[in-house]
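Welcome, and thanks for taking a look at this one with us. Please open the sequence and the 3D view side by side, and keep both at hand while you read.

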Amino acid sequence: MAKEPELRNLDWQTFQEMSTSEKGEYFTVNDKPHHVLNAQQFTRPQLDRLCELATKTRTISKTREGALFIQDLLCEKRAMLYFSQPSSRTFLSFYAACQIVGLKPAEVRDTSTSSELKGESPEDSVRTFSSYFDVIIMRHPKGGFADRIAWMLSQTERAIPVINAGSGKDQHPTQALLDIYTLHRSFDQAGGIENRDIAFVGDLARGRTVRSLAQLLTLYPGGKQYFVAPDSLQIGDDILNILDQAGVEHEVTGDFKSTIPKVDAVYMTRIQDEWDKAHESKDIDTSGFKFTAAHLDLLRDDAIIMHPLPRRDEIAPDVDKDPRAMYWRQVRNGMWVRAALLLSIFERDRDIDAYFDSLQ
Ligand code: NCD
């Protein structure tokens, strides 16, 4: 096997100028993700493996003996959850994932209680964390910040893994992983994710989950992607170019109702008005981009409704009880695939295989 290129051999300028997909191979060790910084870094075999590992992990965890076995796998390690942007779901999902695999979690969520208030740079703060912890899981409002941290640590003696738990408007790779895992579980018995059509609905201009998932889905050929939004919230050309390069069929439309019957999955998102500078989103008419109980009749029987959450009013609560509403299961899938990711990063995945095989 060819030796994988190492991040520490790159200078910042060279690394920064690379395309997102070029960077990916620098985040990999032994064919497994080491850093998790963008969605494009994943290969199809890695995604298949993480889905398999997540399912094995949740199966083993059903018994007390199995749960204790998994908690022992990373009991010597500690995780730093550094979230300088609001989060409860992703934060707790990682927190619970750490508990499943025995990683001891610690957190910094409010930089006003840290030395950053004394003028310390976030880079120095993270370097300090790296002295105490074995992995940094971080969310930051600035796109590319997690890349910077991973590179910075690669130049030190403690080049610990960095996981991006959401960076600016750009990337949310582990949300894309849990979305893939949800699609995998939903369609596994019916031919898998390939050739599945998906509609992304809502704020596609600023929703990082859509950007990450749209790119990951290029690894599953045959499906068409619909982008359903008011003009001013439509998906960026950069994503459409990536789809073109990958040969993925796509359609940009404002017609939600006629798109619903065409697809296998409807991926709803909220309006991301925390990025508004002058409350401009409140003037956009989003009324035609909400999933109500009346839309359920338009949806195919075997299709699913997804949402990264939190939701506002883009999915009516009376849709929740429909068996095709997948968003609450999506949340649980997230915890298991993040547990699988942590096991894989620390190369304890073979232990899961061995234990799982012993149950058969
Ligand atoms: C998403 C995010 O933070 O980008 N939430 C999440 O992590 N599940 C979506 C959102 O905030 O709308």
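What follows is a short tour of the ligand site, the two sheets and some backbone details.

This is a predicted model, so please read each distance and angle below as a computed value. The ligand sits among residues that include Arg 89, Arg 139, Gln 175 and Arg 208. There is an open sheet of 4 strands and an open sheet of 5 strands, and each of them has parallel pairing.

**The ligand and its surroundings**

- The residues around the ligand are Arg 89, Thr 90, Arg 139, His 172, Gln 175, Arg 208, Thr 209, Arg 270, Gln 272, Pro 308, Leu 309 and Pro 310.
- Sorted by class, this shell holds 3 nonpolar, 5 polar and 4 charged residues.
- Which side chains offer an N or O atom to an oxygen atom of the ligand? Arg 139 does so at 3.1 Å, and Arg 208 does so at 2.8 Å.
- For Gln 175, a polar side-chain atom lies 3.1 Å from a nitrogen atom of the ligand.
- On its own, the ligand has 310 Å² of accessible area, and the protein covers 94% of that.
- Helix 5 and helix 9 (208–216) are the elements that give two or more residues to the shell.

**The sheet of 4 strands**

- The strand order in this open sheet is 4-3-5-6, with parallel pairing.
- Strand 4 (104–108) and strand 6 (162–167) form the edges, and each pairs on one side only.
- From one strand to the next, the twist averages 15°.
- Strand 5 (residues 135–140) runs parallel to strand 6, and 4 bridges join the two.
- Within that pair, Ile 136 of strand 5 stands opposite Val 162 in strand 6.
- Helix 5 (residues 89–101) lies across strand 3 (78–83), strand 4, strand 5 and strand 6. The direction of helix 5 is at about 180° to that of strand 3.

**The sheet of 5 strands**

- Here the order is 9-8-7-10-11, again in an open sheet with parallel pairing.
- The edge strands are strand 9 (250–253) and strand 11, each of which pairs on one side only.
- The twist in this sheet averages 15° from one strand to the next.
- Strand 10 (residues 265–268) and strand 11 run parallel and are joined by 3 bridges.
- Val 266 has Ile 305 of strand 11 opposite it.
- Which strands does helix 9 touch as it packs on the sheet? They are strand 7 (198–201), strand 8 (225–228) and strand 10, and the helix direction makes about 160° with that of strand 7.

**Backbone details to check in your viewer**

- Most residues other than glycine have a negative phi, and most peptide bonds are trans.
- The peptide bond from Leu 309 to Pro 310 is cis, with omega near 5°. Both of these residues also belong to the ligand's surroundings.
- Pro 310 is found in the loop between strand 11 (304–306) and helix 12 (327–345).
- Asp 31 has a positive phi, near 65°, though it is not a glycine.
- Where is Asp 31 placed? Its place is in the loop between strand 1 (28–29) and strand 2 (32–33).

Definitions and conventions
Residues numbered from 1 in each chain as written. Predicted model: local features only at pLDDT ≥ 70, side-chain atom pairs only at ≥ 80, totals over all residues. Heavy atoms only, no water. Pairing = 2+ DSSP bridges. Axes fitted to C-alpha atoms, helices over the stretch in contact; angles between N-to-C directions. Contact = heavy atoms within 4.5 Å. Near = heavy atom within 4 Å. Polar contact = N/O pair within 3.5 Å; in protein donor to acceptor, adjacent residues only side chain to side chain. Areas by Shrake-Rupley, 256 points an atom, 1.4 Å probe, with all protein chains shown as cover. Nonpolar A, V, L, I, M, F, W, Y, C, P; charged D, E, K, R; others polar.
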